[in-house]
Amino acid sequence: MGKAKKVKHDVDVLEKCPTGIKGLDEITKGGLPRGRPTLICGSAGSGKTLFAMEFLMRGAMDYGEPGVFMSFEETQEDLAKNFISLGFDLNDMMSRGLIATDHVRIERGEIEETGEYDLEGLFIRLENAIDSVGAKRVVLDTIEALFSGLSNTAILRAELRRLFHWLKDRGMTAIVTGESGDKTLTRYGLEEYVADCVIFLDFRIVEQISTRRLRIVKYRGSSHGADEYPFLIDDTGLSILPITSLGLDYPVSTERISTGIPKLDTMLEGKGFYRGGTVLVSGTAGTGKTSLSATFANAACLRGERCLYFAFEESPSQIIRNMGSIGMDLAQWVKKGLLRFHSARPSLYGLEMHLVTFHKVINEFDPQIFIIDPISNLTSAGTTSEVKSILTRLVDYLKMKKITTFLTDLTHFGGSLEHTSEEISSLIDTWLLLRDIELNGERNRGLYILKSRGMAHSNQIQEFLLTNQGIGLVDIYTGSGEVLTGSARAAQEAREKASELTCRREAERRLREQERKRKALEEKIAALRAEFDAETEEVHLIAEEEQKRQAILSEDRLEMGYLRKGKHPTVPQSAREKRAKGE
Amino acid sequence: MMTYRKRGGAKPDSTEEIWNLRLYVAGQTSKSIAAFANLKNICEKHLAGKYRIEVIDLLKNPQLAKGDQIIAVPTLVRKLPEPLKKIIGDLANTERVLVGLDIRAA
């Protein structure tokens, strides 16, 4: 086999050629094998030509590698139109000498074959084109047309083999496209010649929803992702989703961010959600999920963060209008470029396409906050297990990028409130539940925290109010052994207030009474004390009188003694004198 | 530059138009030499005096390959009379060349 004879001197490290196609370089760990041909195969309409085009254009614009597009099917005018659809101006690139094209037209009816020939004409044209721009990249789209144009396949095969060797010798990183066959990768077995790298593009339609997938069939000398990767073609080219599932080794943040509702922050340790966490809000229709997510978005924008809002139920203008009714001006954030809405019907395309879209927009906008409202609508585009797998990939990806994710989930009436969310519960860090509380002929909203990983959180059910100043949370009435909400709560509160007032008045009255009594008592005490004091004084006076009287009496008695004995007392003399002086 | 090698009868018949043939080759390979020899034989035999052969060497004029959509060499192109016809190969099979050039009905 000629394949086995391929010279491989440059095998030490396989150099790679970045394609610039979003996601592809990650799957291939650097790009396509440099200086070698790569086969892109797939059915009609699978995106082979667009793939090849973008490879060429990115090379010329972003990597300084001019390219040659040799088309076997489309004329240069058609090519230019196709390029424009991806946002590339082929004619401009050609006039700047970055791209050369050559349309090879083969009409079987025009050609008669007689005897020996080779395809040197093709080689010469290719070489001429390569030399004209100094090309490093070559696209042959699709070389299989030769098989339908020429009948001598023995010559063709030999020449194709020579062509690929020739491209390798010139160090061209080439893309060869080929239509897939029934049992083989390509109808004419091109994979036999291009042994280094084969990429298969698939285009499937399941239940009227189309999904494009890409698979690297082989990549000699390099490890590569082996899964089927969904991809998207839009006006900016191809986007391939590089991941199927990431590990659980993403970094975590301890930073907390506000929910936009002070009371809800309080319920979450007073700090709110963890940055980079995943928040799920589930509830039945009309419980305020969108209002809650808009409030969160509003708070993020107030902090100057960028917020990406995927709306699957409403148009952006409708959300902006509706949130205006609860006192939020979201339009200002859109204008400032902090908030970006992305509205689409979930059934617009398949689940994986949604995932690719998420990725693409996330990479473009680089938000800190990512909101999907609601995820339950995605189930209309796939089965529950598919939704789970998509969300797992998405959540892993967002966690890796430290983007706080806010998902809402519409649960259905009648069913268990937690039921539909069970599938994804394990992915969720903080789970808020909004529910109806029907009581006394009215319906009110209640909010509680079902779980919140890594923080102490309130176990209270709060009544959830939508006012024209935004969202309010009110403690639910839980006194006298019953739970009351809405007007019943208000009435009960009024009743309580009234009875409380009466009690307070009674207490005040008693206090005043007591005060009065105290005063009366004190007055009485004062009177008694005054009486007592008066008595005491009198007693003192009497005692003094008595003392004086006693003194006089004893003096008189002495004097009387003297007088009786005729003896003049010596000592008491002074006393007597004193008395005589009137002291 | 183009390598013109005009051949054929010096006095073309005025009632019939000139056959304008172009042979694309890539260098002096055995195939191109054989093709030219075969072509000359056929023309002398069937189109004596009313043909003109132009040989184009693509190695010298690579840009000319695009115009006539040449991929294989040797390629014989019948420019005139219309419509354009192409025969690829070394023209060893005379019958097929005659059919291909519409000199003889198939």
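## Chain B fold and its sheet shared with chain A

Helix α1 of chain B, residues 30-46, lies across three strands of chain B: β1 (19-25), β2 and β3 (75-80). Its direction makes an angle of about 165° with β1(B). This is a predicted model.

**Chain B.** The chain holds 3 helices and 4 strands. Along the sequence they follow the pattern β-α-β-α-β-β-α. Of the 106 residues in chain B, 37% are buried. Take the contacts in chain B with a separation of 6 or more: 71% of them join residues 24 or more positions apart.

**The sheet.** Strands of both chains take part. An open sheet of 5 strands has the order β6(A)-β4(B)-β3(B)-β1(B)-β2(B), and its pairing is mixed. Which strands stand at the edges? They are β6 of chain A and β2 (51-57) of chain B. Each has a single partner strand, so one side of each is left without a neighbour in the sheet. From one strand to the next, the twist averages 20°. The helix described at the start, α1(B), lies across β1, β2 and β3 of chain B.

**The junction between the chains.** β6(A) is joined to β4(B), residues 85-88, by 3 bridges. The two strands run parallel. Residue pairs in this junction include those below.

| Residue in chain A | Residue opposite or bridged in β4(B) |
|---|---|
| A:Glu112 | B:Ile87, bridge partner |
| A:Glu113 | B:Ile88, opposite |

**The wider interface.** How many residues of each chain are in contact across the interface? The count is 21 residues of chain A with 28 residues of chain B. On the side of chain A that touches chain B, β6 (111-113) and α5 (120-133) each supply at least two residues. The largest share of that side comes from α5(A), with 7 residues. By class, the side of chain A that touches chain B has 10 charged, 7 nonpolar and 4 polar residues.

**In short.** β6(A) meets β4(B) through 3 bridges, and the sheet runs on through β3(B) and β1(B) to β2(B). On the chain A side of the interface, α5(A) gives the largest share.

Methods. Residues numbered from 1 in each chain as written. Chains lettered and ligands numbered in written order. Predicted model: local features only at pLDDT ≥ 70, side-chain atom pairs only at ≥ 80, totals over all residues. Buried ≥ 20, exposed ≤ 12 C-beta atoms within 10 Å, placed from the backbone. Contact = placed C-beta atoms within 7 Å. Nonpolar A, V, L, I, M, F, W, Y, C, P; charged D, E, K, R; others polar. Pairing = 2+ DSSP bridges. Axes fitted to C-alpha atoms, helices over the stretch in contact; angles between N-to-C directions.
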